[in-house]
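Work through the exercises below with the sequence and the coordinates at hand, and try each task before reading the solution that follows.

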Amino acid sequence: MPEPPASGDPFADLIEPFSRRGVDLGLGRLGAALAELGHPERRFAAVQVAGTNGKGSICTLVHRALLASGLRAGLYTSPHLVCWSERILIGAGPISVANLRRQLERATPAARRHLLTPFELVTAAAFLAFAAAELELVVLEVGLGGRLDATTCHPDRSVIGFASIGLDHTEILGPDPATIAAEKAGVLQPGASAFSGPQDPAVAAVLTAQAGAVGAELHWVEPLDLNAWPLGLPGAVQASNGAVALGMLRALAERGWPIDAAGIRRGFAGARWPGRLQQVSWRGRPLLLDGAHNLPAAIALRAELDTEPARHGLKPGPRAWVLGILANKQGPEIVTALLAPGDRATIVPVPGHPSWSQPALAVACPQLAPQLNAAPDLATALGQHGASTAPLIVAGSLYLIGELLGAALQDGALLDSALLDREGPE
């Protein structure tokens, strides 16, 4: 498991000085810094996954299958829930705090000279750590977009996966699915084999056109039969994510990597991804955690709970929610998608981020106003719901899920957390 900080963020002194850069997409700065650092990204092979929802699930399925096949594999994802070290897995476990600090310190002089963003700095540190560990193959999750994302600085991503693409980060990526898809399709390279499940027609057209323009092969895959391919990740949506992961792994096998069906099955069954349809117990109260941080994810979560309630510890009837939604998200639409008649939701701020408030949501969704309550923070909201055998659903932001998991890890209040299932730190 990640090493919880004794007090606060153990990397704040190294990462915070770069925070003034914020989000500033581009490959030039990191490319120059990596050159100065001796091009660590050239010392391991990589596959890459882009998309809006499901990237992390595809990445963890591929990574687990690589490990089960006996490969020295790594994983780079974002965001983290509790600690920055969660983003970098070397083998099965997160990078140690000491190792990540060492790599951040090594990257800092070049990062200062080339004015890197925090994400670019951590990406450089990850590449240094993967190279130092002599990994064979690393799975890279795109942070934002794709065409100009820091992970795209890796020069040879011959196998690529696309998760579901929809509206999110519109203020940066564009106002409609086609424009967003163009940014994400920018990860395609000549000769690459790419895989996608079903997409919105406008998205599918963009992916097809871009693959043809650069000379990549784009393969459309149908969702897996989850009875034939059991996955360790819950939810019907994983059938499509699993199909993309399977396509990627078979393409790697065709390119000579020692991956077989038995290893894929072991990896798929053992995959874990915290904060997504995750059942935990917090101080004796069952919780169901799911980031559901944008509208497509909210729609998928509601459909899952309506279709397979028992699988997630729920019975038919009204649900109780605790929701924290970032201010730059489609708050009214998310709440409308999640809440059914009779449901009640406590709206809380997401710590450290501008958030939708209960009064603002009540004005925007007057028909739902009687179902919305407010609490000043997550702990108060959880306490207000008291004891019950029915799971309380916590959703709306991965930052909110991280706040809960971090507090629970500190005081030992959380049981059965998938955050604890990953093997010990490297």
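Helices (H or I, at least four residues) and strands (E, at least two) are DSSP runs, numbered from the N terminus. The model is predicted, so local features need pLDDT of at least 70 and side-chain atom pairs count only at pLDDT 80 or more, while totals for chains, interfaces and linings use all residues. Residues are numbered from 1 along each chain as its sequence is written, and side-chain values use heavy atoms, with hydrogens and water left out.

**Exercise 1.** Compare the span of helix 3 with the expected value, and decide whether the helix is largely enclosed or not.

Solution. The expected span of a helix is 1.5 Å times one less than its number of residues. For the 14 residues of helix 3 (residues 55–68) this gives 20 Å, and the end C-alpha atoms are 20 Å apart, which agrees. Next, apply the burial cut-offs, where buried means under 20% relative accessible area, exposed over 50% and partly exposed in between (1.4 Å probe, protein chains only). Because 12 of the 14 residues are buried, helix 3 is largely enclosed by the rest of the structure; among the buried ones are Lys 55, Ile 58, His 63 and Arg 64. Just after the helix, Gly 70 takes a positive phi of about 90 degrees.

**Exercise 2.** Which residues other than glycine have a positive phi, as in the loops holding Leu 115 and Leu 277, and how accessible are these two?

Solution. Begin with Leu 115, in the loop between helix 4 and helix 5, where phi is near 55 degrees; at 46% relative accessibility this residue counts as partly exposed. Then take Leu 277, in the loop between helix 10 (261–270) and strand 9 (278–282), whose phi is near 50 degrees and which, at 11% relative accessibility, counts as buried.

**Exercise 3.** Describe how helix 11 and helix 12 are oriented, and classify their contact residues.

Solution. Axes are lines fitted to C-alpha atoms, for helices over the stretch in contact, and angles run from 0 to 180 degrees between N-to-C directions. The axes of helix 11 (residues 295–307) and helix 12 (residues 331–338) come within 8 Å and cross at roughly 10 degrees. That makes the two helices roughly parallel (angles under 35 degrees). The contact (heavy atoms within 4.5 Å) includes Leu 295 and Arg 302 of helix 11 together with Glu 333 and Leu 338 of helix 12. By class, it has 7 nonpolar, no polar and 2 charged residues, where Asp, Glu, Lys and Arg count as charged.

Key
Angles under 35 degrees count as roughly parallel, over 145 as roughly antiparallel, 65 to 115 as roughly perpendicular and the rest as oblique.
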